[in-house]
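Student: Could you take me on a close look at a single part of this protein? I would love to see how one strand fits in with what surrounds it.

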Amino acid sequence: MDRHNWKLYKKNNIEQLWKVNNIQWINELFNFKSVKILSKFKFGHIICNKYIESRFLLKHKPILPYFAFFITTKCTLNCKNCNSMMPKYTEKTHSKPIKFEVFKKDLDTLLQAVDYINVFVLVGGEPMLAHDLPQIIKYAISKKQIKHILLATNCTILPSEKLLKAMKNPKFSVQISDYSHVKNIKNDVQVKYDEFKKLLQENGIKFNNYQEKRNANTWFSMPEIYKDRRAPELLTKQFDKCFANYCPTICDGIISQDFITVYIQRNLDSTTELQKELINIRELKSSKELAEEIINFYSKPYSKFCNYCHFENIKYGLPCGEQVE
Ligand SMILES: C[S@@+](CC[C@H](N)C(=O)[O-])C[C@H]1O[C@@H](n2cnc3c(N)ncnc32)[C@H](O)[C@@H]1O
C-alpha cells in the first residue's frame with residue numbers, strides 16, 4: 001500500500017473505530033469499556049488509533065468498525081422515505097430472508113478475512129421476517145471475532161420464545177423503531193411497539209429507541225439517485241460527510257458501501273465501473289485475497305457510487321414512517 005492509500009485507510013477504517021464507538025446512539029447500546037477508560041485521557045482517541053494500527057500491521061487483516069448485514073430487503077412496511085429505499089425494490093430485485101446455512105457460510109468466509117467486527121448490524125427490510133433468525137443470532141453471538149450485535153426492527157412481528165432466548169446476551173442489542181402513529185399501513189400489518197418493548201424488558205434484553213429517547217420522531221428524505229459525473233474533489237467531500245464512509249453493507253454475498261449502493265446495484269445499474277467497487281465474498285478466492293479486497297475497499301477517497309447520489313434537495317422534519325399511498 002502506498003502512502004496515499006495508507007492515509008485513506010487510516011481515515012476510513014482505523015480512525016473510524018473511535019468515531020463509531022462514540023456515536024451517541026451506538027454508545028448507549030453497548031458498554032464500550034475501552035472507550036470509557038480512554039475518554040478520560042486527552043489523547044484517548046490517539047491511543048485507540050495506534051492500537052488498531054499496530055494490530056493491522058501485525059495481522060494484515062482489517063477490522064470492520066461497523067458492518068451491516070442485510071437479512072432481507074423485504075419489509076412488512078412500505079415507508080415512503082425509507083433510508084434503504086425499500087419501496088423502490090421489485091419482487092425480482094428483492095433479497096429474500098436469508099437461510100441459516102447461507103448466513104453461516106457468508107459469515108465464516110468474512111471472519112476468515114478480517115481481524116474482528118466491532119458492531120455487526122442485522123438489518124433489512126425487516127429482519128424479523130427471517131424464519132432462521134434465532135439460529136442466525138445465536139451463531140453470530142458465538143463468534144469471538146464479533147464484539148457487538150445490533151438488530152433493527154419495526155416491531156410489527158413479535159419475537160418467539162426461541163428468539164428471545166437467542167437475543168438474551170450482553171453482546172446483543174435491539175434498536176426498536178416506533179411506527180405506532182403511522183396511518184395507512186397495508187396488508188393488515190400492525191405495529192406492536194409497546195408489546196415488543198415489554199418483551200425485551202421482561203427478558204432483560206438491551207434495546208434502544210432513537211426516536212423516543214430524543215423526541216426526534218422525524219425523518220429526512222433520501223438523495224435523488226441518477227447517473228452523473230462530478231469532479232473527484234466534490235465526490236471526496238460528499239463521501240466524507242456521508243454515512244456511506246463507515247457503513248459497509250453486505251447483501252446476498254456482495255459487500256458495497258451502504259444501503260443506497262445496495263439499492264443502486266440491485267435495481268438501477270451494475271456497470272463494470274460499479275462492479276469494481278463491490279466485493280463478492282461468494283466468489284472463489286482465498287481469505288488473504290478477500291482481506292486484500294476489503295483493505296482496498298477502505299483505501300479509496302470516495303466510491304464511484306457517489307456519482308449517483310444527489311443531496312441538494314434533502315428535506316428534514318418529515319413524518320417518520322409515512323407509508324407509500
Ligand atoms: C431502514 S430501517 C430497517 C429496520 C427496520 N425495518 C426498522 O424499521 O427499524 C433502519 C432504521 O433506519 C431508520 N430510518 C429509515 N428511514 C429513515 C429516514 N428517512 N430518516 C431517518 N431515519 C430513517 C428507521 O427508523 C430504523 O431505525
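Tutor: Happy to; we will start with one strand, follow its partners, and then visit some loops and the ligand.

Keep in mind that this is a predicted model. Our strand is S1, which covers residues 64-70. Is S1 mostly covered or not? Seven of its seven residues are buried, so S1 is mostly covered.

Now look at the partners of S1. Strand S2, residues 117-123, runs parallel to S1, and six bridges join the two. One place to see this is Leu64, whose bridge partner in S2 is Ile117. S1 also pairs with strand S8, residues 249-251, again in the parallel sense, over two bridges. There, Ala68 stands opposite Thr249 of S8.

How does the chain get from S1 to S2? Helix H6, residues 100-113, belongs to this part: S1, H6 and S2 make a right-handed β-α-β unit.

The strands also bring us to the nonpolar core. The largest one has 84 residues, and those touching the most other members are Phe67, Phe69, Phe120, Val121 and Val123. Take Val123 as an example: leaving out residues up to four places away in sequence, Val123 touches Ala68, Phe69, Phe70, Ile71 and Ala152.

Ala152 leads us on to the ligand. Ala152 is among the closest residues to the ligand, together with Asn83, Asn154, Ser177 and Trp219. In total, 15 residues surround the ligand. By class, this shell has six nonpolar, eight polar and one charged residues.

Next, two loops are worth a stop. Most residues other than glycine have a negative phi. Met85, in the loop between S1 and H6, has a positive phi of about 60 degrees although it is not a glycine. Cys155 also has a positive phi of about 60 degrees and is not a glycine; Cys155 lies in the loop between S3 and H8. Are these two buried or partly exposed? Met85 has 19 other C-beta atoms within 10 Å, and being buried takes 20 or more, so Met85 is partly exposed. Cys155 is buried because it has 26 other C-beta atoms within 10 Å.

Finally, Leu158 sits in the loop between S3 (146-153) and H8 (161-167). Leu158 counts as partly exposed because it has 15 C-beta neighbours inside 10 Å. Leaving aside neighbours within four places in sequence, Leu158 is in contact with Lys192, Glu195, Phe196 and Leu199.

Technical notes: Residues are numbered from 1 along each chain as its sequence is written. This is a predicted model: local features need pLDDT of at least 70, side-chain atom pairs count only at pLDDT 80 or more; totals for chains, interfaces and linings use all residues. A residue is near a molecule or strand if its C-beta atom, placed from the backbone, lies within 6 Å of it. Ala, Val, Leu, Ile, Met, Phe, Trp, Tyr, Cys and Pro count as nonpolar, Asp, Glu, Lys and Arg as charged, and the others, Gly among them, as polar. A nonpolar core is a set of buried Ala, Val, Leu, Ile, Met, Phe, Trp, Tyr and Cys residues joined through C-beta atoms within 7 Å. A residue is buried if 20 or more other C-beta atoms lie within 10 Å of its own, exposed if 12 or fewer, and partly exposed in between; C-beta atoms are placed from the backbone. Two residues are in contact if their C-beta atoms, placed from the backbone, lie within 7 Å. Helices (H or I, at least four residues) and strands (E, at least two) are DSSP runs, numbered from the N terminus. Two strands pair if DSSP finds at least two bridges between them. A crossover is right-handed if, with the strands pointing away from the viewer, the path from the first strand over the helix to the second runs clockwise.
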